Number of protein chains: 2
Amino acid sequence: MDTPVILTVALNAALDVTYSIDAELRPHATYRVGTVAEMPGGKALNTARILHTLRDPVLATGLLGGHTGERIAERIPAGLRHRFVRVDGESRRALVVADPADATGFWEPGPEITSEEWQRFRDRFDGLLRVARVVVLSGSLPQGLPVDAYAQLVAAARDRGVTTILDCDGEALRAALPQRPDVIKPNAHELAAAVPDADLSTVDGIRKAAETLRAAGARAVIASLGPDGLLAVLPDAAFTAAPPETVSGNPTGAGDACVAGLARGVLYDTGWPTRLTDAVALSAAAVRSPVAGRVDVTDYLTLRHHIHLKEL
Amino acid sequence: MDTPVILTVALNAALDVTYSIDAELRPHATYRVGTVAEMPGGKALNTARILHTLRDPVLATGLLGGHTGERIAERIPAGLRHRFVRVDGESRRALVVADPADATGFWEPGPEITSEEWQRFRDRFDGLLRVARVVVLSGSLPQGLPVDAYAQLVAAARDRGVTTILDCDGEALRAALPQRPDVIKPNAHELAAAVPDADLSTVDGIRKAAETLRAAGARAVIASLGPDGLLAVLPDAAFTAAPPETVSGNPTGAGDACVAGLARGVLYDTGWPTRLTDAVALSAAAVRSPVAGRVDVTDYLTLRHHIHLKEL
């Protein structure tokens, strides 16, 4: 039998497009774009790419459509296995206009998925679960999918004994909690939206909010707190894990790196302290990387020794 | 034998993409794009589309590459005949971000054309000249093409007795003039660049600048002057033609409509007064159209009766 894999699910995969322009953006002017850079994006594919960088066995699935979908597939790094389901709509582009000062973002709406396409994906997913040890469900839902789309996938994975890591927010998260996802990873903003009356200004308040989501169904809640690292509320313990203070850079993609760390911890059956340390080290490596969402492996391996883990 | 056609040449065809956003653009913010509209663009294809709207026999050629090239081909209106040469590079997108106040433009650089691809186009062009009465050469040259690319096409058309209408600027225009294009259509900005010491503040000054370009090789110079219409300097006469004062709207694509009017005038062998009247009426109809670069046929037919033509 094959080694089990980490299965990543990108229901709303994107083509990340970066336009570099020479002058600072002013509204209502016209720019000649110097360079156009394109890479596959969306949270789940970012996580898959980081896992592939670490040479972990990962299999990427999800929905791709149209010319943009083909372009995403073509640009998935060689060696990263994928089994996407094709849809009729057009996958979205996430355009960033990078000027000398900062970046401006434009997110296309993405495809509208039909119920027949969703059923085809469900069938594909059920087949892929057979080779999976853990499944990563990340990112927004495209139009046309039922709000309980993630709930359905969590239930299917649970029925097969596959661990689920869910990184989504809003209605999709709320609908999935009763299906008992193994791990959810809200950031501070998502936590505030999910637990509206929470006080997130203190560690205690964040912990209470996380407990609320555990009570609603999540088995472990890993709250990612930007430069403060993360706060983990587990079935029988709670931890904080923080990166060294010296980490600075581009936070884009740090959350997807955190999820990669949690997923490989499940795959290799490490204990929670190691798993959380890894997740924070990978996030910090992503922040420090000059290319958003990438990690330098040596940097990650070094950072692992500089994470402050504390049991609460 | 088939009816001869108007052949339009789009060496740097574009996919015109419009992102509509709800709020006025501020630099360094992030926007969810409400709608994404795509249509084939670039000056020559805009002219071809207008000719097709008028049910004139038109055949579009040029260079298309990559996924964006496929997308351009797919979106050419049904019934508009085309015979593009495929290249390895990626055709450009011309992105407009339309907010409630105005529009911001981002022009991708476009493909790099190899000398082998250019030779393939030259062969295709020579074949298509057999069915052409007039050829429209419009727009910028993609990277990799020789600066005398238009000069070569003008010479090839002239050798076959096909009338040429050239709408380009800068080095490409300068290089083509010695090949004696039949018609060039600079706008005020292009005229100023081509004749640096010209005084374009008076009709006399514009006429003198146009005469300079005639002396350099162009047989007829049609200077397009925005809301003032056009000034035509022909081998044996000169005219101004102006739209009614009431025309207002979006000037994008008005120049391509003007070229369409000139091209159909050649095809149907109308005299210059009719031809110039048509060109201004089509331009004015394009300005008035709610969709940039389109024309309403009835509006055009009506406007023809309200153009002020004056022999100088």
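Me: Which residue in E3(B) does Gly105(A) stand opposite?
Reply: Quick heads-up: this is a predicted model, where local features need pLDDT of at least 70, side-chain atom pairs count only at pLDDT 80 or more, and totals for chains, interfaces and linings use all residues; side-chain values use heavy atoms and leave out hydrogens and water. Residues are numbered from 1 along each chain as its sequence is written, while chains are lettered from A and ligands numbered from 1 in the order in which they are written. In E3(B), the residue facing Gly105(A) is Thr30(B).

Me: In which sense do strand E8 of chain A and E3(B) pair, parallel or antiparallel?
Reply: Strands (E, at least two residues) and helices (H or I, at least four) are DSSP runs numbered from the N terminus, and two strands pair if DSSP finds at least two bridges between them. Strand E8 (residues 103–107) of chain A and E3(B) have 3 bridges, and the sense is parallel.

Me: How much area do chain B and chain A bury between them?
Reply: The size of an interface is often given as the accessible area lost when the parts come together. Here buried area uses a 1.4 Å probe and is summed over both parts. Carbon and sulfur atoms hold 58% of the total, which is about 2,800 Å².

Me: Which three residues supply more of the area that chain B buries than any other three?
Reply: We're after the top trio on chain B's side against chain A. Together they supply 26% of the area that chain B buries there, and they are His28(B), His67(B) and Phe106(B).

Me: How far apart are the closest N and O atoms of Arg71(B) and Glu90(A)?
Reply: A salt bridge needs a side-chain nitrogen of Lys or Arg within 4 Å of a carboxyl oxygen of Asp or Glu. That rule finds 2 salt bridges across the interface of chain B and chain A. Arg71(B) and Glu90(A) form a salt bridge, with their closest N and O atoms apart by 3.1 Å.

Me: Which element supplies the largest share of the side of chain B that touches chain A?
Reply: Strand E3 (30–32), helix H2 (66–74), strand E8 (92–98) and strand E9 (103–107) of chain B each give at least two residues to that side. The largest share is 5 residues, and it comes from E9(B).

Me: Why does His28(A) count as buried, partly exposed or exposed?
Reply: His28(A) lies in the loop between strand E2 (14–20) and strand E3 (30–32) of chain A. Buried means under 20% relative accessible area and exposed over 50%, with partly exposed in between (1.4 Å probe, protein chains only). Because its relative accessibility is 27%, His28(A) counts as partly exposed.

Technical notes
Buried area is the accessible area (1.4 Å probe) that two parts lose on being put together, summed over both.
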